[in-house]
Amino acid sequence: MNGIDKIERFLSESDCKWAIRHVEECRSTNEEILKIIQNETELASKGVVLISNWQSHGKGRRGAKWESRKSQDLLFSIAISPKINPSHWTRLTHASALGISIGLKKLNFNPEIKWPNDIYINGCKVAGILVESYPDIDKNGIKGGVAVIGVGLNINSKKEDFCNSYRTPATSLLEESKNNLDELDRFLIAGSILKELHLQTKKCEKNFADVLLEIKELSSVYGKKVEVQLATGISISGTVTDFGKEGEIVIEKETTSLGRTEVEIISSAYDLRFL
């Protein structure tokens, strides 16, 4: 059974009709998948996954670059036309984080979600998510707009592959595995991850509250003291006490020496660190 067959077997279990494409290399899977659906517009409503063995200009949040050695890790993007208003497409980041985490748990890993889009294992980053929205892409013959979910998941990278200048320590599933294997099956892992991603992104349409409940259980920030830096440069410190209806974090902060508190609801942030 080849790699694509493994993925399709997993997806069939969740009645997922996503088309699967595989390329040796590209600039960015997010960029490349847009070209695919613009040439084959029917794939937007069906959903399509592009997996690449390597990308030269992989993108992270805030313009960061996602680096990975060729054929070592899992680099993919999903293009879908969500059946919800574009104002709610931010849900896809949270649902994707949950889907990846559940998929990893079923493979006997213990992931945590660092709000909003990073997956950690044992305090080290193993995966990142970048969701890009194109609600006005209808002009190219695609109805309803397109959301692109880009994922980088470290699978077979080793400690020596990670750059010492990374802002946060990195790890891989191989490094965290207790099986003492020389290499993990990327496509088997991709199947498990994509199956759960499909299930959780579908929940965004009607049952996002259920998604948030599961995120709370897997969150590394819930109940923790954090400092959040906003894009404006303002920093907010306090304890994460809840999640908002669209996945925002609710921070309770002390404002006076008398212990009075105020609540901040934050939908996006430039950076978040633990205190």
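How many cavities of 30 Å³ or more does the structure hold? The answer is 1, and we will come back to its walls after a walk through the fold. Please keep in mind that this is a predicted model.

Let's start with the overall make-up. The protein chain has 275 residues, and 52% of them are buried. Its secondary structure comes to 7 helices and 12 strands. Take the contacts between residues at least 6 apart in sequence: 63% of these join residues at least 24 apart.

Now to the sheets. Strands of a sheet pair through backbone hydrogen bonds, either parallel or antiparallel. One open sheet has 7 strands, and reading across it you meet them in the order β1-β2-β3-β7-β6-β5-β4, with mixed pairing. At its edges stand β1 (19-23) and β4 (111-114); each has a single partner strand, so one side of each is left without a neighbour in the sheet. On average, neighbouring strands of this sheet are turned by 20° against each other, direction ignored. Within the sheet, β3 (residues 74-80) and β7 (residues 146-153) run antiparallel and are joined by 7 bridges. If you would like a spot to look at there, find Ile-78, which stands opposite Ile-149 in β7.

A further open sheet is built from 5 strands, in the order β11-β10-β9-β8-β12, and here the pairing is antiparallel. The edge positions belong to β11 (261-266) and β12 (271-274), each with a single partner strand, so one side of each has no neighbour in the sheet. From one strand to the next, the twist averages 40°. Strand β8 (residues 225-229) is joined to strand β9 (residues 235-243) by 5 bridges, the two running antiparallel. Val-228 has Ile-236 in β9 as its bridge partner.

Next, a stop on a helix. Lys-106 is found in helix α4, which covers residues 91-106. Is Lys-106 buried or exposed? Its relative accessibility is 54%, and because exposed means over 50%, Lys-106 counts as exposed. Along the chain, Lys-106 and Ile-193 are 87 residues apart, while their C-alpha atoms are separated by 9.3 Å.

That brings us back to the cavity. About 40 Å³ of space lies in the largest cavity. Which residues line the largest cavity? They are His-94, Ala-97, Ile-113, Trp-115, Pro-116, Ile-215, Ser-219 and Phe-243. By type, this lining divides into 6 nonpolar and 2 polar residues, with no charged ones.

Key:
Residues numbered from 1 in each chain as written. Predicted model: local features only at pLDDT ≥ 70, side-chain atom pairs only at ≥ 80, totals over all residues. Heavy atoms only, no water. 1 Å grid on protein atoms, 1.4 Å probe; cavity = no way out; pocket = protein on both sides within 12 Å on 5 of 7 lines; lining within 4 Å. Points joined across faces, edges and corners; volume = space filled by probe spheres on them. Nonpolar A, V, L, I, M, F, W, Y, C, P; charged D, E, K, R; others polar. Pairing = 2+ DSSP bridges. Helix = DSSP H or I, 4+ residues; strand = E, 2+ residues; numbered from the N terminus. Axes fitted to C-alpha atoms, helices over the stretch in contact; angles between N-to-C directions. Buried < 20%, exposed > 50% of the residue type's maximum accessible area, 1.4 Å probe, protein only. Contact = heavy atoms within 4.5 Å.
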